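These notebook entries record what I looked up in one structure, in the order in which I worked.

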Amino acid sequence: MPSSSDRRRDSGDQEPFVERVLSVVESIPPGRVMTYGDVAATLGSRAARMVGQIMAYYGSDYPWWRVVRASGHPPVDHEHIALQYYRAEGTPLLGGGNVAYRIDLRAARYTP
């Protein structure tokens, strides 16, 4: 049986959940997206809401626009600026112009 010091060393080797989320987000290629749930599932978790909170607090230095809601809609209150990124990256979109658009998840969903 491992000693308590071995268990501490093993648990210390794991990246915190925040860093793991940000690493996954950073790996999403331009023009592709993952949902909050996709990011969580990639990490073996069901904590989609936690992924959303992490993106809200720490995501500004990462490609936050590449993480979308399960419906394919961009992050709330960031639709206008996200649209600029999607157009620049050639992300497949559905819907009309600048209003009520969403990501075409069938074409744009990324699986690491």
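The entries below go from the overall fold to helices, core, pocket and charged pairs.

**Entry 1. Overall fold**

I note at the outset that this is a predicted model. I looked up the secondary structure and found six helices and four strands. Along the sequence I read the pattern α-α-β-α-α-β-α-β-β-α.

I then turned to burial and contacts. The chain has 112 residues, and 32% of them count as buried. Among contacts with a separation of 6 or more, 54% join residues that lie 24 or more positions apart.

**Entry 2. Helix H4**

I asked which residues of H4 are buried. They are Val51, Ile54 and Met55. Because they cover an arc of only 100 degrees around the axis, they sit on the same side of H4. On the other side of H4, I found Arg49, Ala56 and Tyr57 exposed. The partners against which the buried residues of H4 pack are helix H2 (17-27), H3 and E2.

I also looked up Gln53, which belongs to helix H4. Its relative accessible area is 43%, so Gln53 is classed as partly exposed. Between Gln53 and Tyr36 I recorded a C-alpha to C-alpha distance of 9.9 Å, with their positions 17 residues apart in sequence.

**Entry 3. Helix H5**

I repeated the search for H5 and found Ala82, Leu83 and Tyr86 buried. Seen down the axis, these residues fall within an arc of 105 degrees, so they line one face of H5. His80 and Ala88 are exposed on the other side of this helix. The buried residues of H5 pack against E2, strand E3 (93-94) and strand E4 (102-103). I noted one backbone feature just after H5: Gly90 takes a positive phi of about 75 degrees.

**Entry 4. Nonpolar core**

Nonpolar side chains tend to be buried together in soluble globular proteins. I therefore looked up the largest nonpolar core, and it has 26 residues. The residues with the most contacts inside this core are Val21, Val39, Val51, Met55, Val67, Tyr86 and Ile103. The elements that give two or more residues to the core are H2, H3, H4, E2, H5 and H6. H2 gives the most, with four residues.

Which residues does Val21 touch, leaving aside those up to four places away in sequence? I listed Val39, Leu43, Val51, Ile54 and Met55. Of these, Val51, Ile54 and Met55 are the buried residues of H4.

**Entry 5. Largest pocket**

A probe the size of a water molecule, rolled over the atoms, shows where empty space is left. I asked how much space lies in the largest pocket. The value is about 320 Å³. The lining comprises 15 residues, and the closest to the centre of the pocket are Tyr36, Gly52, Met55, Ala56 and Pro75. H4 gives the most to this lining, with seven residues. I compared this with the burial record for H4: Met55 is buried, whereas Ala56 is exposed.

**Entry 6. Salt bridges**

Side chains of opposite charge can pair when their charged atoms come close. How many salt bridges does a search of the whole structure find? It finds two.

In one of them, the side chains of Arg109 and Asp38 meet at 2.8 Å, N to O. Arg109 lies in the segment after helix H6 (105-108) and Asp38 in helix H3 (residues 36-42), so that the pair links distant parts of the chain, 71 residues apart. Arg109 counts as partly exposed because its relative accessibility is 35%. Asp38, at 19%, is buried because the cut-off is under 20%.

In the other, the side chains of Glu89 and Arg66 meet at 2.6 Å, N to O. This pair also links distant parts of the chain, 23 residues apart: Glu89 is in helix H5 (residues 79-89), and Arg66 is in the loop between helix H4 (48-58) and strand E2 (67-68). Is Arg66 buried or exposed? With a relative accessibility of 10%, Arg66 counts as buried. Glu89 is partly exposed at 21%.

Notes
Residues are numbered from 1 along each chain as its sequence is written. This is a predicted model: local features need pLDDT of at least 70, side-chain atom pairs count only at pLDDT 80 or more; totals for chains, interfaces and linings use all residues. Side-chain values use heavy atoms; hydrogens and water are left out. A salt bridge is a side-chain nitrogen of Lys or Arg within 4 Å of a carboxyl oxygen of Asp or Glu. Buried means under 20% relative accessible area, exposed over 50%, partly exposed in between (1.4 Å probe, protein chains only). The arc is that of the directions from the helix axis to the C-beta atoms. Contact means heavy atoms within 4.5 Å. A nonpolar core is a set of buried Ala, Val, Leu, Ile, Met, Phe, Trp, Tyr and Cys residues joined through side-chain atoms within 4.5 Å. On a 1 Å grid over the protein atoms alone, a cavity is a set of points where a 1.4 Å probe fits but cannot get out, and a pocket is an open set with protein on both sides within 12 Å along at least five of seven lines; lining residues have an atom within 4 Å of a point. Grid points are joined across faces, edges and corners, and a volume is the space filled by probe spheres set on the points.
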